[in-house]
Amino acid sequence: MEKILIQLEVNGEQHDVRCEPRKLLSDVLREDCGLTGTHVGCEHGVCGACTVQIAGRPVRACLTYAVQVEHEPIRTIEAIGDEGRLSALQQALSDHHGLQCGFCTPGIVMTFDAYLRENPDPDEAQVRDVLSGNLCRCTGYQNIVRAVLDAAARLRAENADA
Amino acid sequence: MRDSGFRYLNRPVRRTEDRRLVTGQGRYIDDIAVPGVLHACFVRSPHAHARIVSIDTADALALPGVVAVVTGEELAQWTKPLRMAPPIEGLVPVEVETLPTTTVRFQGDPVACVVACDRYVAEDAAELVQVEYDALPAVTDMWRALEPDAPQVDPMVAGNLVSHQTFAVGDPAAVEARAHRVVEACFDQQRQTHVPIETRGCVAVWDLGREHLTFHVGTQVPHPLRTQLAARLSLDESQVTVISPDVGGSFGQKIALYREELTVAALARALRRPVRWREDRLENLTAAANSREDFCRTRAAVDEHGTLLSLTLEMREDFGAYCFFPANYLARVVAMIVTGPYRVDHYAYDVKIVLSHKCGNAPMRAPMSITSWVMEGTMDAIARELGLDPVDVRRRNLIAPHELPYRTPTGECLEDITPTETFDGVLRAVDYEGFRERQRDARTRGRYLGLGLCNVVEPTTYGSRFYKAAGISGSGHEASWVRIEPSGIVNASVGLGPSGQGYESAMANAVAEGLGVEPSRVRVHMGHTDVAPYGMGSRGARSGTAGGGALFLCAQEARRKVLTIAAGRLGVDAQALRMVDGRVERRDASGDDAWLDTALTLADIARQAYLDPTSLPDGLTPGLEFHLTYDPPAMTYSNSAHACEVEVDVATGAISIARYVVAEDCGTLLNPTVVEGQQHGAIAMGLSGALFEHVVYDEAGQNTTGSLADYLIATATELPDIEIIPMHTPNRTTAAGIKGMAEGGVMGALGALTNAVNDALAPFGVVATQHPLTPMAMRDLLRGRSSRTG
Amino acid sequence: MKPAAFSYHRPHSLDHVLALLAEHGFDAKLIAGGQSLAPMMNMRFAQPAHLIDLNGVPQLDGVRLDGATLVVGALTRHHALATDPLVASACPLLAEAAATIGHYAIRQRGTLGGSLANADPAAQLPLVARTLDAVIDVSGPGGARDIPAADFFVAALTTTLEPDEIVTAVRFPCACVGDGHAFELFSRRHGDFAIAACAVTVTVSAGCFERLRLGVGGIADAPLALDEVAAEFAGARADAAVVERIAARVASLVEPVEQPGISVEYRRELVEALIARALTRAVRRALNET
């Protein structure tokens, strides 16, 4: 099938991509935009490793055809954190040993970066509810939950000071 | 461990891997960009068992963007088959072609490989490859497989029985005949698969000018894989470099040299183009490797007090269709160690390994996972049948501290383990008597709580003497090098293959401790076969003991030379010097245990060693580079005791976990942070396996669990918080007292959870003997039954 | 697992959608949230030659009140249904059910129209639509028409939508003050498809069931509304004993399908437990309101 030209806005930058309509957003980000932080784990929307943000909402990049999201603001793991400083969530994940092999981690960061903006004060049950959409085979989730709750507390404190 | 005397070991440390992983800057196999690379896609059999009549690749080849389509015929010309024939008693040799040329043996068996400009086109072309099959009857059940008229899976393996091992010590039959009671129990563990979140993949780059293959692949065993790859491709080992990048989990699935990987390597050479392959999740769930599917039956002869007099174990395992590992190897460990921390003199086992038309097995985190469920379930069965308390039955039979070292019936030497202590620890933590009260109270209100216990003795590290004694070819040693650079920074390497366990910081700690520098001054390089020394890789739980041990000892050797040079420079005895955080300190001549800084640093010594070698003390050679291999003891154990509290909703069969506690003794910890994470992960995998996971083949041999919507692994809402009680004591023989761990959690979880469920269901007089413990299975047990305690 | 090739269309009006459907017919598939369709396409179980993307069509959006009816646009995302205060007050059963769909990220994309048109027997929104006797607004080449939920779901993954029609909105009756509701779902893991689910609403007056709605999903080809049982128990005391009897009655009437590993017996037992739990919660809610 013929390739078409699409314009993607990723992390604030324009990318002109020539691809087939069927090319998954996950593949376009990784191959055409050179952003390999978004990982592919299943290509059927279950594992959550490929989660990115589109217009600020967490979305499975493997269930999105790149052509569908032309001109919509897309944000990936590479945009999280600030000039080499880790975000509160990234820092908390490291502080609490909330990652081991790291393959599922970007998807979790993208999910909770969005969620904590919507709900800055979740309880543990809510965190586990949201986390249930990201599969991790290494950690047993416990330390990830700790990290999210800690990051939420830090962010609330930061915003209270601001 | 309090006050172990270590400066860096046993202290939690942030992992150095975290920064790149948490920012998405990890470099996994699919992230490696290779100019001009082609993409491979495999054509796989839709049949469980069939003869390949013909393969027509013309239409596939005609598709624009397709570069090649190859079958088993070409691969047979480019590669040698795998011969799996270790000299093990009772094990039938098998040979496996690179790609099958005549017969496919499971649904998903690869029969052809398409190479194209991208994976999309390759998948289009794969659909156009026309394979004509002659379907044959399939056998998908390990009981049926041994019947005389069952379809044969492998022509080299008569009757589908690939391994049969028996053993007996003492006279169990005689003991049974005169015992007060013989208690029988069954344990039926389902077929599972590893599900690393990163599937398999590889990139093969053939340098035609140098005649050298660079093979990027996520692997736990870089050097053994290189050896295999070179041999199968008829290349010298020096013509092959294996590089393992960041790996997104493995759990035993990334050890063997798979046929797909070999095919990709052969294609790169034949096509003179780099070729890459990334397995998709459907392939991973159906065609990578399966695991477990064991059935065990125990007979325990006991006296009226529940003393264990003899034990027999009957075991059967379904190994699938292909043997990429010696088929007996996984089950054998179960049979060898099943008695665990319990005293018994009379023991016999009969273990059969069977082939079937399913994806072949590979070891999966705790290949012996069924062990503790079996032994602890047997203890509970004894308690149930004799009307005794399950804690009392265990106490009666636990090997007491004064009985150590203890030689088990199979000749294993149990030493430096603390099962009595960890058992006491976990019982205290869960308030056993208090639970029984709550349980009684809950039952009066129609709620069914259960508490399950499971003691685990985990074999972590196999030394070479173990393999020799077991008649298995192979080594248990590990290799390391440490190099202090002229600037005083330290590079080190070890032959392990990390897949997420945080070795970079843990192994740096081992070097730091051995040498006397801060861990931040040590960088450990792993996974590159040109850089790392030839080691046996990561498997079981050997990395801490064997890998950490090798680095620790090597770093100690480095320290000795450094202090000898310093002694020469300072004009004192080397015995009076020590290295702390990269600085040389001298014992205070006043005789107190005080040390004084000498202002001499590791960097000073290094500069001297590299740039002014004639000033070195007599007998010392230039530079500061050290190599060491370390063969750990034949076997090293760690131990833990697990307790799990559950509630069973008898109306729906749902099981919820209220509490999970584990008391553990893992010896010296390279990095306590990592150890805690490993324990969480192991227990999580065990609980997930006991409750959810199941590779299901239907009667025709079709895999019905080929997506993550069908093969279920536990999510954050199904798993409890795990409370860990550290009770570490060092091993007195291994380097730095390390014991290793990482698989015992799986073993403990299977046993603790199942025993808890059975404890909850006790009033109904039913026992669950099969995994997974689904709500439907619980209702099947309960249907028509009422609670005896009302 | 890459999908087969397709031509992509991004219409910007309902008329354009209908024109595309008319032109490509069976060769086309509509994509809204894509959370059910994309997995099918990536696994090549669905291979439409034409993909018509509804995400740019403005007429399909919006949630509003129309008298005693909540009108929800087909493109409304599950997350919106779960969190919109208007939905929470006007049709709390819908909000509660939507919050249980899949996972947080799935709910950002999945849509009401997509869920109803897909008609998965285990899905939450078809069950709620059927239970509440919702009306499905549909547009086709011949114009607009209404399909009552009772007539919409025919069999598994099959509705009475013609291939050239699309769902534009769904009309739900608003809950009355003092009504109680509950949605109960049982699955292997959190977020999985229901092995059985039930949706109930109750109106309690002077301690009796003035009105009941009972819906069961996940056990048959299509969601079931147990209207006869609801009628049978109208006027009965809203107490635990009656709740038990209603649950037993529903369980005795339903005919669950057999699936590997999930027996008919099991599903029946599950339905009984879920109906009892749902009614208990619904009654509690109704009583707390008044």
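How many residues does the contact take from chain A and how many from chain C? The contact takes 23 residues from chain A and 22 residues from chain C, and these values, like the others below, were computed from a predicted model. The briefing begins with that contact and with the one between chains A and B, then turns to the build of chain A, and ends with domains, a helix and some paired strands of chain B.

**Where chain A touches chain C**

- On the side of chain A that touches chain C, the elements that give two or more residues are the strand β4 (57-60) and the helices α3 (105-118) and α4 (124-131), each of them belonging to chain A.
- The largest share of this side of chain A comes from β4(A), which supplies 4 residues.
- Sorted by class, the side of chain A that touches chain C holds 8 nonpolar residues, 9 polar residues and 6 charged residues.

**Where chain B touches chain A**

- Chain A also meets chain B, in a contact that joins 41 residues of chain A to 44 residues of chain B.
- On the chain B side of this contact, α1 (18-22) and α18 (672-691) of chain B each supply at least two residues, and the largest share, 7 residues, is that of α18(B).
- The residues on the side of chain B that touches chain A divide into 16 nonpolar, 17 polar and 11 charged.

**The build of chain A**

- Chain A has 5 helices and 5 strands, and anyone reading along its sequence meets them in the pattern β-β-α-β-β-β-α-α-α-α.
- The radius of gyration of chain A is 16 Å, close to the 15 Å that the globule rule gives for 162 residues, so chain A is as compact as a globular protein of that length.
- Taken along the principal axes, the box filled by the C-alpha atoms of chain A comes to roughly 50 × 35 × 25 Å.
- Of the 162 residues in chain A, 65% count as buried.
- Among the contacts in chain A with a separation of 6 or more, 59% are accounted for by residues that stand 24 or more positions apart in the chain.

**The two domains of chain A**

- The domain assignment splits chain A into domain 1 (4-79) and domain 2 (88-161), and the C-alpha centres of these two domains of chain A lie 22 Å apart.
- Where the two domains of chain A meet, the contact takes 14 residues from domain 1 and 11 residues from domain 2.
- The elements that give two or more residues to the domain 1 side of this contact are β3 (51-54) and β4 of chain A, and β3(A) gives the most, with 3 residues.
- By class, the side of domain 1 of chain A that touches domain 2 of chain A has 6 nonpolar, 7 polar and 1 charged residues.

**The domains of chain B**

- Chain B is divided into domain 1 (18-24 + 477-630), domain 2 (32-136 + 199-247 + 254-288) and domain 3 (290-465 + 633-782).
- Between domain 1 and domain 2 of chain B, the C-alpha centres lie 41 Å apart, and the contact takes 16 residues from domain 1 of chain B and 15 residues from domain 2 of chain B.
- On the side of domain 1 of chain B that touches domain 2 of chain B, the residues divide into 4 nonpolar, 10 polar and 2 charged.

**A helix of chain B**

- Helix α12 (residues 419-430) of chain B has 12 residues and reaches 17 Å from its first C-alpha to its last, which is close to the 16 Å expected at 1.5 Å a residue.
- Several residues of α12(B) are buried, among them Pro419(B), Phe423(B), Leu427(B) and Val430(B).
- The buried residues of α12(B) pack against several elements of chain B, including the helices α11 (390-397) and α13 (432-444) and the strand β20 (448-462).
- Just after α12(B) comes Asp431(B), which takes a positive phi of about 50°.

**Strands that pair with β14(B)**

- Strand β1 (residues 38-44) of chain B pairs with strand β14 (residues 275-278) of chain B in the parallel sense over 2 bridges, and Leu38(B) stands opposite Val275(B) in β14(B).
- Strand β11 (residues 201-207) of chain B pairs with β14(B) in the antiparallel sense over 4 bridges, and here Gly201(B) stands opposite Arg278(B) in β14(B).

Definitions and conventions
Residues numbered from 1 in each chain as written. Chains lettered and ligands numbered in written order. Predicted model: local features only at pLDDT ≥ 70, side-chain atom pairs only at ≥ 80, totals over all residues. Contact = placed C-beta atoms within 7 Å. Nonpolar A, V, L, I, M, F, W, Y, C, P; charged D, E, K, R; others polar. Domains from an automatic or database assignment. Rg over C-alpha atoms; globule rule 2.2 N^0.38 Å. Buried ≥ 20, exposed ≤ 12 C-beta atoms within 10 Å, placed from the backbone. Expected span 1.5 Å × (residues − 1). Pairing = 2+ DSSP bridges.
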